[in-house]
Amino acid sequence: MKLDTALVLAAKAGDAQSFTSLYEAVAPSLYRSALYTLGNSHDAEDVVSETFLEAYHGISGLRDPEAFGAWIYRILSARCKRKIKEYVKGRNQLDIEDFLELPGDQDQFTEQTLQRVELVRALEQLSPREREIVCLSVFDGYTAREIAQMLGSPQGTISAKLFRALKKMRKFLEKIQ
């Protein structure tokens with residue numbers, strides 16, 4: 001994630017408008033990552049909000065303005081991990097309605113809608129961490145190196161988890177077709 005360094009420096013110096021611009025630039029990507037990690041739109045919204053509050057209060061301590069993207073993803077990842085710990089006692093299923101834009105007549109599913117349902121079911125086969133890595137790679141377009149930096153893990157570990165997660169999803173999708 002490449003952001004304007006001057007914008008990060010201004011936000012770091014306390015400029016609220018610059019921080020708002022940073023928020024607008026990264027919020028959709030953070031939300032998507034949280035949604036695929038947690039599987040619940042309400043929790044994803046909460047985690048993203050908490051992430052930005054923490055980032056707003058801590059941005060003055062950010063050492064490298066070029067590392068803003070990785071830094072905020074580490075905050076998001078920590079928030080998601082806390083939320084996942086809450087899930088351990090309950091269910092860890094994805095809420096399919098959060099991922100679908102169903103047509104007005106719900107009796108008529110389109111091919112695209114059915115594919116989305118299959119994708120969500122395949123994502124359910126993954127652990128929350130695997131979903132997070134797949135989301136960052138496939139949906140947000142980050143490289144294994146960038147994901148490793150964001151999540152504070154070795155690149156080899158991220159590459160291996162991504163490979164295994166995609167293989168697991170492919171195997172599941174082949175089974176249901």
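The exercises below work through a predicted model of one protein.

Residues are numbered from 1 along each chain as its sequence is written. In this predicted model, local features need pLDDT of at least 70, side-chain atom pairs count only at pLDDT 80 or more, totals for chains, interfaces and linings use all residues, and side-chain values use heavy atoms, with hydrogens and water left out.

**Exercise 1. The overall fold**

Task: State how many helices and strands the protein has, and describe its burial, contacts and surface.

Solution:

Step 1. Helices (H or I, at least four residues) and strands (E, at least two) are DSSP runs, numbered from the N terminus. By this rule the protein has eight helices and zero strands. The pattern along the sequence is α-α-α-α-α-α-α-α.

Step 2. A residue is buried under 20% relative accessible area, exposed over 50%, and partly exposed in between (1.4 Å probe, protein chains only). The protein has 177 residues, and 43% of them count as buried.

Step 3. A contact means heavy atoms within 4.5 Å. Among contacts with a separation of 6 or more, 67% come from residues 24 or more positions apart.

Step 4. Accessible areas come from the Shrake-Rupley method with a 1.4 Å probe, and for residues only the protein chains shown count as cover. The protein exposes about 9,900 Å², of which carbon and sulfur atoms supply 49%.

**Exercise 2. Salt bridges between helices α3 and α4**

Task: Find which residues pair with Arg79, and say where the partners lie.

Solution:

Step 1. Side chains of opposite charge can pair when their charged atoms come close. The cut-off for a salt bridge is a side-chain nitrogen of Lys or Arg within 4 Å of a carboxyl oxygen of Asp or Glu. The whole structure holds five salt bridges.

Step 2. One of them joins Glu50 to Arg79, with the closest N and O atoms 3.6 Å apart. Glu50 is in helix α3 (residues 41–58) and Arg79 is in helix α4 (residues 68–87), so this pair ties together parts 29 residues apart in sequence. Glu50 is partly exposed, because its relative accessibility is 31%.

Step 3. Arg79 also meets Glu54 in a salt bridge, at 2.8 Å from N to O. This pair again links helix α4 with helix α3, over 25 residues. Glu54 has a relative accessible area of 32%, so Glu54 is partly exposed.

**Exercise 3. A salt bridge to helix α8**

Task: Decide whether Glu130 and Lys168 are buried, partly exposed or exposed, and locate their salt bridge.

Solution:

Step 1. The side chains of Glu130 and Lys168 form a salt bridge of 3.1 Å, N to O. Glu130 belongs to helix α6 (residues 128–139) and Lys168 to helix α8, so the pair ties together parts 38 residues apart in sequence.

Step 2. Glu130 counts as buried because its relative accessibility is 11%. Lys168, at 35%, is partly exposed.

Step 3. Returning to Exercise 2, Glu50, Glu54 and Arg79 form one network through salt bridges that share partners.

**Exercise 4. Two positions compared**

Task: Are Ala34 and Ser49 buried, partly exposed or exposed, and what lies around Ala34?

Solution:

Step 1. Ala34 is in helix α2 (residues 16–38). Its relative accessibility is 0%, so Ala34 is buried.

Step 2. Apart from neighbours within four places in sequence, Ala34 is in contact with Gly39, Ala44, Val48, Leu76 and Cys80. For Val48, 14 residues away along the chain, the C-alpha atoms are separated by 7.2 Å.

Step 3. Ser49 lies in helix α3. Its relative accessible area is 44%, so Ser49 is partly exposed. Ser49 and Leu30 are 19 residues apart in sequence, and their C-alpha atoms are 9.9 Å apart.
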